[in-house]
Amino acid sequence: MTAQAGAGYSENTDSFRAGLQAAQAAVAEAGAPPHLALAYCTSKHDPHRLHAGVRSALGPSARIVGGHSVGAITRDRLGYEGYQACVGALTLPGTAIHLFLERDIAGREFEVGRRLGGQLAGVSDDGWRSLLLTYDSLRENTPDRGPALNLATPLIAGMDETIGRWPSVAGVGVFGDLQFNPTYQFFDDQVMQQTASALLLCGDVRMDTIIMHGCEPAGRYHTITKAEGPVILEIDGRPALDIIAQLLGAEENQTVEDYPLFVTLGVNRGERFGPFREEDYANRLCMAVDKVRRGLVMFEDDLQAGSEVQLMRRSIDQKYVGTRCRELLRRLGGRRPFFALYIDCAGRAAAYCGSEREEAEEVQHAIGSVMPLLGMYSGVEIAQVGHQIQALDWTGVLCIFSEP
Amino acid sequence: MADVPDTDALTAELEYYRQRIDRLAGDTLRRDYLTSELRHQLRQNRQAFSLLAELQRSIQLNSETTHVFDDAVRGINAQLSMDRTLVLAPTETLNAFRPAHWIGYREESAARLGAATFVFPESFLAGSQSLLVNGTSDRTPLVEQLREALEIPYFVAVPLRSDEGVLGVLLSGRLREVKPVCPPLDVGDVDTFRALASFISTGIRNKRIGVLEETLRVAARIQGDLLPKSTPTLEGYELVGRTLPAQIVGGDYYDFIVVDEGRCAICLGDVAGKGLPAALLMANLQASIRGQTLWSPSAADCMTRANRLLFLSTDPGSYATLVYGVLNTRSHYFSYTNGGHNAPMLVHRQEVTARLTTGGTVLGLFQNSKFEEDVVHLDAGDVLVLYSDGVTEAVDTEGREFGETRLASLLTEQHQDPAGTLADRILNSVILHGRGMPQADDITLVVVKRMPPNAPARRTL
């Protein structure tokens with residue numbers, strides 16, 4: 001028996017029906033009772049009711065993982081900001097499915113990572129090992145302090161201490177919208193907040209990944225001279241907000257409130273003055289501003305004093321996305337691909353980045369004709385870059401599941 | 001000796017290019033931001049148009065306003081990136097409204113919504129004001145009450161107005177203001193919601209008109225089916241009926257029922273009311289009369305029984321006037337009874353010699369009404385005209401009725417015309433009389449003419 005998969009999509013405003021419709025469509029496309037379902041929905045949905053709808057379509061035995069997303073993608077549907085929901089259903093004979101959960105991630109990312117890595121290290125199954133991480137991106141959003149995030153970088157660092165050898169990995173920091181409303185995660189029959197989970201597949205199924213950025217440097221190098229956690233306080237010895245304001249120039253209608261989800265800083269890990277190579281850059285998006293300390297609050301905390309950064313501009317090359325998709329397909333060799341998962345930074349959506357077309361349409365075009373596609377718009381993406389597992393912003397991570 | 005580069009000059013040049021690069025980078029990024037903002041707005045505008053199309057479909061498909069409002073709140077929340085949207089419905093208290101349709105609430109919050117009531121100022125409900133609440137708005141007591149009770153910090157509210165008054169209040173908003181994805185609501189959003197409210201209100205009004213028109217068309221079909229499909233051919237007689245409804249559906253009715261070879265029942269009535277109820281009452285009356293005619297050819301008996309049936313089978317207050325008679329084409333007697341209807345005129349030798357007044361009261365009001373019967377004889381050349389009050393009560397631009405006198409004069413002058421010509425002449429005269437005025441009532445008449453001796457046989461339509 002071979003692996004089978006399907007993906008379903010719904011924009012029904014009734015959360016139960018949305019879950020039911022998306023899951024029914026996924027199961028129908030898979031053509032067999034699923035062992036595993038990946039379910040995502042926007043924050044406009046009641047996650048409990050949506051989960052109940054998904055469960056009612058799947059039956060009691062299928063394992064469920066997923067959570068909130070800013071939008072949903074399948075091979076023929078795509079949407080965000082509304083009532084989108086999507087479900088992927090996978091029938092995986094010959095593959096062991098392990099799910100691990102850690103709670104209370106807020107402020108304890110490293111420790112949660114260590115514990116999660118420890119659980120994964122205890123799995124002794126043979127075969128290919130593929131890991132999908134899911135964690136709550138939003139720690140809190142209070143009226144006085146604004147949004148604060150759970151960070152993937154220490155989560156990964158914690159896992160790195162205990163996991164031993166990393167399997168093929170992809171991960172998603174879940175967001176339900178870009179207003180920083182509370183987020184939820186699904187773990188079997190639990191609907192929770194502030195968790196990190198790991199889905200580990202062991203056996204015949206292999207997950208291959210490829211990343212796609214979409215930024216290029218728009219200026220010269222600057223040096224971060226002071227940072228505290230994810231807050232960049234000073235650049236070139238001056239308050240970060242002042243530097244950004246100077247670089248962007250005075251614009252009557254533009255204020256520091258315009259910087260979040262817009263200002264992107266890139267770190268070039270390649271040749272300093274060599275030709276631009278997208279894969280050499282790690283990009284970090286500004287999430288909020290700290291007006292009191294005149295700092296930029298970034299999505300991750302890996303930009304520290306001494307980091308050289310450049311202001312980046314969004315530049316998604318649609319053709320490049322298609323090329324990268326086909327590159328990943330070629331990498332499979334003779335294996336049979338049966339399911340694709342696309343973890344797409346919400347900022348890459350056309351409405352947010354200002355592109356004319358949706359870059360996810362290129363993925364639909366390149367992948368959707370080959371296999372079922374499930375995608376979600378995320379807050380943070382995790383993937384392997386070079387030899388490192390990295391938290392990424394502004395990135396699309398395409399994962400293809402295949403079997404011999 | 002080769003020139004040694006001037007370090008100061010190079011430094012200056014480097015600084016110059018740095019500044020230029022920074023400037024160009026800033027310009028590029030600002031344009032990117034502007035492009036992004038414009039595309040976001042464009043997307044929202046596109047979605048607003050999609051929403052209009054959705055609402056149009058909803059209005060076409062749903063006959064109940066409540067379903068349209070449900071679709072509206074769903075569509076607005078989904079397409080316009082709103083977190084919560086409500087339609088508040090009017091209560092019995094003046095200017096007070098209560099949440100009736102909503103989306104974006106968890107069950108525990110939704111349970112509290114229906115209990116909240118808000119009183120809106122007259123100026124808002126009249127449409128001259130909207131409510132725009134963003135991070136910098138003034139907080140009036142009403143705004144604070146709405147924010148707290150509906151749990152929406154930032155919102156737009158507009159009235160849903162129609163010709164009949166205020167249908168409700170449309171209110172939609174967001175939990176947070178986050179640029180650029182959910183920027184503070186502004187006057188542009190107010191314009192969008194005003195347009196939406198107008199679209200919904202107009203759509204509902206047009207839908208109601210459409211439903212009404214469809215109802216009238218159905219009623220007109222019913223009424224059309226009640227009128228005789230053809231006029232019976234009576235030996236030695238011309239028989240013709242004409243009706244001109246004031247609305248799509250009128251309240252007048254006439255019928256010819258062949259009882260046997262030598263007898264034909266003729267009736268003309270006027271049911272109370274207009275539109276579908278009148279058409280149904282008329283159908284009821286016709287069925288009663290037809291049934292009773294075949295059971296008992298006596299005019300008084302038929303009318304008495306029909307009255308009883310009508311009384312028992314209709315709502316109190318439903319009634320009709322009716323003249324009913326049976327013409328014997330051999331004896332040339334017309335035995336009739338008049339249930340509160342305009343008295344038919346008999347023209348004999350160029351004069352109106354008789355008014356057919358014998359009978360009783362209107363049909364349907366009293367269960368045990370009794371009707372008397374009388375007989376008139378039709379000589380050769382005599383003309384009998386049954387008519388509704390729409391003929392005699394048609395008014396001209398100065399308020400003068402067409403009147404019985406004018407009708408009688410017309411009959412005496414034109415009684416020699418064939419029945420069809422005479423009927424059309426009366427109809428045209430009434431229409432001409434009422435020219436410039438809306439037709440207030442149905443105009444219906446039946447003309448029965450006994451042919452003079454040796455007159456060529458004519459079949460009238």
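**Two helices of chain B, and a glutamate in chain A**

In this predicted model, helix α1 (residues 7-61) of chain B and helix α2 (residues 65-79) of chain B have axes that come within 10 Å and cross at roughly 165°. Angles over 145 degrees count as roughly antiparallel, so α1(B) and α2(B) are roughly antiparallel. Their crossing is right-handed.

Let's see who does the touching. From α1(B) come Q47(B), S50(B), L51(B), E54(B), L55(B), S58(B) and I59(B), and they meet H67(B), V68(B), D71(B), A72(B), G75(B), I76(B) and Q79(B) of α2(B). By type, the residues of this contact are 6 nonpolar, 6 polar and 2 charged. The spacing along each helix makes sense once you recall that an α-helix has 3.6 residues a turn, so residues three or four places apart point the same way.

Now stay with α2(B) for a moment. Its 15 residues should span 21 Å at 1.5 Å a residue, and the C-alpha atoms at its ends are indeed 21 Å apart. Buried residues of α2(B) include T65(B), V68(B), F69(B), A72(B), V73(B) and I76(B). Among the elements of chain B that cover the buried residues of α2(B) are α1, the strands β1 (84-90), β2 (96-103), β5 (154-162) and β6 (165-174), and also α6 (187-226). After α2(B) comes S81(B), with a positive phi near 55°.

Finally, hop over to chain A, where E362(A) sits in helix α8 (residues 359-367). E362(A) counts as buried because its relative accessibility is 14%, and buried means under 20%. Leaving aside residues up to four places away in sequence, E362(A) touches Q318(A), V321(A), G322(A) and R357(A).

Methods. Residues are numbered from 1 along each chain as its sequence is written. Chains are lettered from A and ligands numbered from 1 in the order in which they are written. This is a predicted model: local features need pLDDT of at least 70, side-chain atom pairs count only at pLDDT 80 or more; totals for chains, interfaces and linings use all residues. Side-chain values use heavy atoms; hydrogens and water are left out. Axes are lines fitted to C-alpha atoms, for helices over the stretch in contact, and angles run from 0 to 180 degrees between N-to-C directions. Helices (H or I, at least four residues) and strands (E, at least two) are DSSP runs, numbered from the N terminus. Angles under 35 degrees count as roughly parallel, over 145 as roughly antiparallel, 65 to 115 as roughly perpendicular and the rest as oblique. A crossing is left-handed if the near helix is turned anticlockwise from the far one by less than a right angle, and right-handed if clockwise. Contact means heavy atoms within 4.5 Å. Ala, Val, Leu, Ile, Met, Phe, Trp, Tyr, Cys and Pro count as nonpolar, Asp, Glu, Lys and Arg as charged, and the others, Gly among them, as polar. The expected span of a helix is 1.5 Å times one less than its number of residues. Buried means under 20% relative accessible area, exposed over 50%, partly exposed in between (1.4 Å probe, protein chains only).
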